[in-house]
Amino acid sequence: MVNRIGIMVVNLGSPAQPTPKAVRKYLHQFLMDPHVIALSPLLWRPILHGIILRRRPARSAAAYQKIWNQTQNGDFTKEAPLIEITREQAAKLQKLLPDNVIVEPGMRYGEPSIKQAFDNLLTKGCNKVGILPLYPQYAGSTVASVYDELVKVIGKRNDLPSIRFLRDYHDNPSYIDAISQSLRTHLNGLDWRPDKILFSFHGLPVSNIERGDPYKKECQRTFELLRNNLSDVSVEMQITFQSRFGPKKWVEPYTSKTLESMAASGQKNVVIITPGFSSDSLETLEELNIKAKQLFLAHGGENFSCVPCLNAQDIHINALANITKKYLLKRWQSEANTDGKINIIGQPHN
């Protein structure tokens, strides 16, 4: 019997189409996740259904339409950029892993779902499954949410494979090198010099951090390692956080406010890189490349450039392959357990 190992690469997900109806369905699933909105359903449901899902889908659909790829006929492609990229990442990762390893993409929200990916791996004969969330830094609203969804999926099965779950890779050397190389390549392609480089991570409410979420610390650790790795780049560097919404206070400094103050203080040229995003999505393609750029220029900025996410670049796939082999596959080479337990694999952080 062939010992097949499945690897599920998990990303956030996107609406099925850039339409208000599809966005409403996606937002409902996303915003009903207790890891995302930590309110009692009795309090949250009236707000969600009475206000947010009536107003936000049309606005978000318009934003998705700005970044959604189109065919030659002008029609929107079947899937959002993030899903297209994740599929490409999975296909390229497949080629760098042993022949008995099968890679499937899964989305936390939308399709292809975690359930679909898990079922596909079992159908293909995998008796061991490794879960690789494409979130370098751990957060309860991302990685823990993926874990909870996986538990729901396997809870409906009577027979399970052995499962390994990677917690994070925020300080992995291969990942740090890939981000650093990407930034150097981007800077070399500019015909102007930035006054500052912003390392923009997705934000998180301060209340989450106060409850013990390690996300901010892991973002700061990633930033420190990158700054050390990029000691040859003589440009000021700063960590910032983006994508905040709602009335709560979020982790600071905010990317948008930093851009405003930069322009006002005479720093007219900026480069932004997003180490926490494994794939370009609405947050990078629309929030940064369109809205943040407009904001910076409106406040007196002159040159703005956003480094593309690592996406399916070879440097990224090689890093993911190294991480997968070391933390998911290597541990199985000397073990034969197929007891259905979920083992959460963490790195020996420095």
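Here are some worked exercises on the strands, helices and loops of this model.

The model is predicted, so local features need pLDDT of at least 70 and side-chain atom pairs count only at pLDDT 80 or more, while totals for chains, interfaces and linings use all residues. Residues are numbered from 1 along each chain as its sequence is written, and side-chain values use heavy atoms, leaving out hydrogens and water.

**Exercise 1. Work out the strand order of the five-strand sheet and find its edge strands.**

Step 1. Get the terms straight: helices (H or I, at least four residues) and strands (E, at least two) are DSSP runs, numbered from the N terminus. Two strands pair if DSSP finds at least two bridges between them.

Step 2. Read off the order: the sheet is open, runs S2-S1-S3-S4-S9, and its pairing is parallel. Strand S2 (101-107) and strand S9 (342-345) are the edges, each pairing on one side only.

Step 3. Check the twist, which averages 20 degrees from one strand to the next. Angles here run from 0 to 180 degrees between N-to-C directions, with axes fitted as lines to C-alpha atoms, for helices over the stretch in contact.

Step 4. Zoom in on one pair: strand S1 (residues 4-11) and strand S3 (residues 126-133) run parallel and are joined by seven bridges. In this pair, Ile-5 sits opposite Lys-128 in S3.

Step 5. Add a helix: H3 (residues 81-96) lies across S1, S2 and S3, at about 170 degrees to S2.

**Exercise 2. Do the same for the four-strand sheet, then add the helices that pack on it.**

Step 1. This open sheet has the order S6-S5-S7-S8, again with parallel pairing. Its edges are strand S6 (236-242) and strand S8 (303-306), each pairing on one side only. Neighbouring strands are turned by 25 degrees against each other on average, direction ignored.

Step 2. Strand S5 (residues 196-202) pairs with S6 in the parallel sense over seven bridges, and His-202 stands opposite Gln-242 in S6.

Step 3. Helix H9 (residues 255-264) packs on the sheet, touching S5, S6, strand S7 (269-273) and S8, and its direction makes about 165 degrees with that of S5. Contact means heavy atoms within 4.5 Å. Helix H11 (residues 287-298) touches S6, S7 and S8, with its direction at about 165 degrees to that of S8.

Step 4. Now look at the two helices together: H9 and H11 pack at about 35 degrees, with axes 9 Å apart. The crossing is right-handed, meaning the near helix is turned clockwise from the far one by less than a right angle (anticlockwise would be left-handed). On the H9 side the contact includes Leu-259 and Met-262, and on the H11 side Leu-288 and Phe-296.

Step 5. Sort the contact residues: seven are nonpolar, two polar and one charged. For this, Ala, Val, Leu, Ile, Met, Phe, Trp, Tyr, Cys and Pro count as nonpolar, Asp, Glu, Lys and Arg as charged, and the others, Gly among them, as polar.

**Exercise 3. Describe how H4 crosses H5.**

Step 1. Helix H4 (residues 114-123) and helix H5 (residues 140-154) pack at about 55 degrees, their axes 10 Å apart.

Step 2. That angle makes H4 oblique to H5 (under 35 degrees is roughly parallel, over 145 roughly antiparallel, 65 to 115 roughly perpendicular, and the rest oblique). The crossing is right-handed.

Step 3. Ile-114, Lys-115 and Phe-118 of H4 meet Val-146, Glu-149, Leu-150, Val-153 and Ile-154 of H5. That gives six nonpolar, no polar and two charged residues.

**Exercise 4. Classify the ring pair of Phe-201 and Phe-241.**

Step 1. Apply the rule: rings of Phe, Tyr and Trp (its six-membered ring) pair if their centres lie within 6.5 Å, and planes under 30 degrees apart count as stacked, over 60 as edge-to-face and the rest as tilted. The count comes to 10 aromatic pairs.

Step 2. This pair is tilted, at 6.2 Å centre to centre and 40 degrees between the planes. Phe-201 lies in strand S5 and Phe-241 in strand S6, so the pair ties together parts 40 residues apart in sequence.

**Exercise 5. Locate the unusual backbone spots in the loops.**

Step 1. The peptide bond from Glu-111 to Pro-112 is cis, with omega near 0 degrees; Pro-112 is in the loop between S2 and H4.

Step 2. Another cis bond joins Glu-252 and Pro-253, with omega about 5 degrees. Pro-253 is in the loop between S6 and H9.

Step 3. Ser-243 is also found in the loop between S6 and H9, and has a positive phi of about 65 degrees although it is not a glycine.
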